[in-house]
Amino acid sequence: FSLALHQAPRHMFFSLATPAFSADHNLLAKPTASVPATTTQLSSSPPIFLTKDFVSPAAVAHLRSKIPSDEGAYEPCIGQVDEFASKRCTFLPAAGDEVVEAVLASVERAWGVDTARLRERGVPIIRYLPGAPPVGVHGDVGADGLVPNRTLVAYLTDADAPGSGETFFPALNVSVAPARGAVLAFDN
C-alpha cells in the first residue's frame with residue numbers, strides 16, 4: 001500500500017497502490033458513480049479508467065507548494081537504488097493538513113480504499129531527477145513485496161510537450177498524457 005507524489009522535471013503526480021475492498025472486484029480501478037468528474041474507460045482488459053478534474057486546481061496548487069525543493073529532503077528510494085538511480089524519495093506530511101487530508105478522503109470515497117496509514121505516516125514522494133530516462137515497462141510492487149490490486153496516478157501538472165511524461169501501456173497501445181487534476185486508475 002503506497003501513495004507517492006512523483007516529480008519529473010515538469011510533471012508531478014501521485015500514485016496509489018491499493019488493497020482490494022471494492023464492491024465490484026472485477027473493476028477495482030473504476031471509481032464510484034458519486035465522483036463529480038468525467039470518467040472514461042480506456043481499456044476493459046485490464047480495466048483502465050481516466051477521471052478528469054478529480055483534484056481541484058486549488059488542491060493541486062497546495063500539493064505542489066508542499067513538495068520539498070531542497071535536495072537534502074530526498075534519499076534513494078528503498079529497494080530501487082540500482083534499478084532507478086534517477087529516483088529520490090521523501091514524505092509529505094498529511095496529518096493536520098486539511099487539503100492533503102481532503103484529497104486522501106476523496107480518493108478513499110471514490111475508490112473504496114483506506115488511506116489512514118497515509119494520513120498518519122505521510123505521503124511518500126518520488127522525484128525523478130532532471131534528465132531522468134523514461135521509466136520502462138514495469139509492474140508495481142508494494143513495500144511488503146506484494147503486487148497491489150490497482151494503481152492510481154493523480155497528475156499535478158499538464159504535459160509540456162507531446163509525449164512528455166506519458167503513462168504508456170504498450171501491449172494495449174494506450175497512452176495517457178499528464179493533465180492537471182486527472183486521476184488514472186488501473187488494475188494490476
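This is a short walk through one chain, from its overall make-up to a helix pair and then a single residue.

The model is predicted. The chain has 188 residues, and 43% of them count as buried. Its secondary structure consists of three helices and eleven strands. Starting at the N terminus, the order is β-β-β-β-α-β-β-α-α-β-β-β-β-β. On contacts along the chain: taking those with a separation of 6 or more, 67% are between residues 24 or more positions apart.

Now the helix pair. Helix H1 covers residues 57–66 and helix H2 covers residues 98–111. The two pack with their axes 10 Å apart, at an angle of about 120°. That angle lies outside the 65 to 115 range for roughly perpendicular and is not over 145, so H1 and H2 are oblique to each other. Their crossing is left-handed. On the H1 side, the contact is made by Ala59, His62 and Leu63; on the H2 side, by Val99, Val100 and Val103. Sorted by type, the residues of this contact are five nonpolar and one polar, with no charged residue.

Last, one residue in a strand. Thr167 belongs to strand E9, which spans residues 167–169. Is Thr167 buried or exposed? Its relative accessible area is 18%, and the cut-off for buried is under 20%, so Thr167 counts as buried. Leaving out residues up to four places away in sequence, Thr167 touches Tyr155, Val174, Ser175, Val176 and Leu184. With Tyr155 there is also a polar contact, side chain to side chain, at 2.6 Å.

Conventions:
Residues are numbered from 1 along each chain as its sequence is written. This is a predicted model: local features need pLDDT of at least 70, side-chain atom pairs count only at pLDDT 80 or more; totals for chains, interfaces and linings use all residues. Side-chain values use heavy atoms; hydrogens and water are left out. Axes are lines fitted to C-alpha atoms, for helices over the stretch in contact, and angles run from 0 to 180 degrees between N-to-C directions. Helices (H or I, at least four residues) and strands (E, at least two) are DSSP runs, numbered from the N terminus. Angles under 35 degrees count as roughly parallel, over 145 as roughly antiparallel, 65 to 115 as roughly perpendicular and the rest as oblique. A crossing is left-handed if the near helix is turned anticlockwise from the far one by less than a right angle, and right-handed if clockwise. Contact means heavy atoms within 4.5 Å. Ala, Val, Leu, Ile, Met, Phe, Trp, Tyr, Cys and Pro count as nonpolar, Asp, Glu, Lys and Arg as charged, and the others, Gly among them, as polar. Buried means under 20% relative accessible area, exposed over 50%, partly exposed in between (1.4 Å probe, protein chains only). A polar contact is a pair of N or O atoms within 3.5 Å; within protein, one must be able to donate a hydrogen and the other to accept it, and residues adjacent in sequence count only if both atoms are side-chain atoms.
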